[in-house]
Amino acid sequence: MANINVNWHSKQNKAAHHTSDYSSTEAILRRGQNFTITLNFQTNVQSADNFIFIASTGPSPAESQQTKAVFNPSEDCSSGWSAIQEPSEPGCMTFTISSPANAVIGRYKLVLQINSCNKASSTLLGQFVLLFNPWCPNDDVYMANEKERHEYILNDSGIIFQGLEKYIQQEAWNYGQFEEDILDISLTMLDRSLNHRQDPATDVSNRNNPIYVSRVISAMVNSNDEKGVVQGKWNGKYCSGTNPLQWSGSVSILRKWYRGRYKPVRYGQCWVFAGVMCTVLRSLGIPTRVITNFNSAHDTNINLSIDKCIDISGKTLYLNEDSVWNFHVWNESWFIRRDLGSFYDGWQVLDATPQERSKGIFQCGPASTRAIKEGDVNLDYDSSFVFAEVNADYVTWICYSNKRKERIYSDTRKIGKSISTKAVGTKSRVDITDNYKYPEGSLKERQVYKKALKLLGVRSIGRRTKIRRRRPRSSVAQRRNMTESARKPSISGKFILNASPVIGQDVLITLALRNLISDFKTIKIKLRASAILYTRKPKAEILQWSRLIKLRPEEVKEISFKISYSQYKNSLRDDRKILVTAVCEPKQEASLLVEKDIILQDPFITIKVLGPAVVHKAINVQVTFTNPLSEMVTDCVLKVEGSGLLKEQLKINVARMAPMESSTVQFEIIPYKTGTRQLQVDLVCTHFSAIKGFVTLDVASVQC
């Protein structure tokens, strides 16, 4: 075995491969691109003619599976790997080594074999990690726009949009894909997947394909099948884990899973799954972003209809598994679709939230956004499920005790609104609904919808599933235009908020009803207010009353009421959403359903950076926040994190705050990376849901 010192030219190679931000001393490279190594020999070596390089990855490397490449400096290798000797100093040899643009990604060993006098000696030169390469035109993940590459690969923080279609909120998220251990954890997720456990060699050989890798990661981010990273929970208490609302980044989640010997981290909901998957895929080199779909349908039987049933008091009856969430968060990744054809290249939907099984596993995607927009719901993977999330009809029925049902609301435009993602280079929101569907009500949109129905085998006359047979329809056109046989209400109504509702204060609401015709009416109103999750499933009933009112011809009458803090305080500690419904029943006429989702606003949290931010120099940060309640709160914790600013999450105990008291906390950070950085601050308390804020810092380099 030859005695060789190896110079991996770490700084030079990382800069060329856009991997300088990784917090690792290991050689981290991108496929389809040259890198340089220099070999310093302790003995005199005259020529590289008898050199053979061997690059291998996985537990059973084989040339037939593209997990092993054997190449020498004097000739091209059929595998696409090559080595070219460069001019160098005496006693040294410098080589430019190149991997193919379709190489398997992962951790490699590089061995030098020297053949001399019919003998071969082998020396391990070291290890390196090979990633996908969005900068390489021949890579399946190639992205031509430099600003987009910076956003979707190199940006380690971002914004996830939540809330309601008409009240969209920004939530900061720390992706942290370059932080210490995160790349190792991402590679470990591949190695712990069900595919790898069943057939390690085949699994590794498939890792040249972003379609395969992203699908595996979508299954591994949730814990349902593969003992993956995050365990989902959408009801009950979170005492045995962390409330999903309290997470603000992926790093602590991934490290907790890794350091806890792969025990699933409790708990997550959709934005947590999407945030973690964005971190992992960006760390592996796949351009990825986070998407929020408002009024997102969960169509369990894929018949493109969400049927909601309520009783005469407005209480939701769960007679099927269909639902509409206030919002749902998933991912898009950018790569070409060799399996479908170039028309379907570009953004691909991936969803790690465990909703439905795909080929027996809780995974979803990649589904081409082009396929979804064109109604090609027969294409891999899971395009029919995603199509329904943004296109299903929404129908509400009153179910009476005698089993009679009355259709009181139907909307072909409610689902899939304000589909949002963070803008490139700024914190603003970009509406990408047009990427998913044609304008609602347009001829093209109707054609696509009919096409999807046909491909799904849903007949335009009659209904194929059990739900469909129970409720026949005349035609698809009638369904989309809402001309089914149903009585039209002779009254209209809406809820009006008298002021922006704030946590800790009473909520003042007015129900405005209008008589649409020139007859007197007596109307029975049954009103209900419930604390709900963002999935619109109720947690607790807050308020319920009924009353009779009279309306003169074409009269508008306003009924004001309030939901007091004392009524909702015990139900909104984990979340701050209220659903108010009113079933309005004129005598012997069609009923009217009026609904409103309400989010109680948090008080502001103020973050001040006290001075210029310079790398490796301490700087003070001041955070001011207010107890929004009219009662004492205790045992609050201020959580602070930010990639490039803090290597571990900072926790500061806030012992107690008097009613409506403002408090200021000051702490020190030492930035360790230059550039634009995002500092996130969360005030976590058992008395109310987390109060969150963030600030952007421009960290300067040290000036000589």
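Helix α6 carries a cap at its N-terminal end, supplied by Asn209. In this predicted model, a side-chain oxygen of Asn209 lies 2.9 Å from the backbone nitrogen of Ile211. The helix itself runs over residues 210-220. It is mostly covered, with 11 of its 11 residues buried. The buried stretch begins with Pro210, Ile211, Tyr212 and Val213. Ser214, Arg215, Val216 and Ile217 are also buried. Ser218, Ala219 and Met220 complete the list. Charged, polar and aromatic side chains are therefore among the buried residues, including Arg215, Ser214 and Tyr212. Strand β4 spans residues 51-57. Two of its residues are described here, Phe51 and Ser56.

Phe51 lies in strand β4. Its relative accessibility is 1%, under the 20% cut-off, so Phe51 counts as buried. Leaving aside residues up to four places away in sequence, Phe51 touches Phe41, Val45, Asn72, Pro73, Met93, Phe95, Leu112, Gln113 and Ile114. Asn40 stands 11 residues from Phe51 along the chain. The C-alpha atoms of Phe51 and Asn40 are separated by 14 Å.

Ser56 belongs to strand β4 as well. Its relative accessible area is 14%. That value is under 20%, so Ser56 is buried. Contacts of Ser56, again without residues up to four places away in sequence, are made with Pro61, Thr67, Lys68, Arg107, Tyr108 and Lys109.

The chain as a whole holds 14 helices and 37 strands. Of its 704 residues, 58% count as buried. Many contacts link distant parts of the sequence. Among contacts between residues at least 6 apart, 68% join residues at least 24 apart.

The overall dimensions were also computed. The C-alpha trace spans about 110 × 65 × 40 Å along its principal axes. The radius of gyration is 29 Å. A compact globule of 704 residues would have a value near 27 Å, so the chain agrees with that expectation.

The surface and the charges complete the description. The chain exposes about 29600 Å². Carbon and sulfur atoms supply 47% of this area. The chain has 92 positive and 69 negative charges. The mean positions of these two sets are 7 Å apart.

Conventions
Residues numbered from 1 in each chain as written. Predicted model: local features only at pLDDT ≥ 70, side-chain atom pairs only at ≥ 80, totals over all residues. Heavy atoms only, no water. Helix = DSSP H or I, 4+ residues; strand = E, 2+ residues; numbered from the N terminus. Rg over C-alpha atoms; globule rule 2.2 N^0.38 Å. Buried < 20%, exposed > 50% of the residue type's maximum accessible area, 1.4 Å probe, protein only. Contact = heavy atoms within 4.5 Å. Areas by Shrake-Rupley, 256 points an atom, 1.4 Å probe, with all protein chains shown as cover. Lys, Arg positive; Asp, Glu negative; His and termini not counted. Charge placed at Lys NZ, Arg CZ, Asp CG, Glu CD. Polar contact = N/O pair within 3.5 Å; in protein donor to acceptor, adjacent residues only side chain to side chain.
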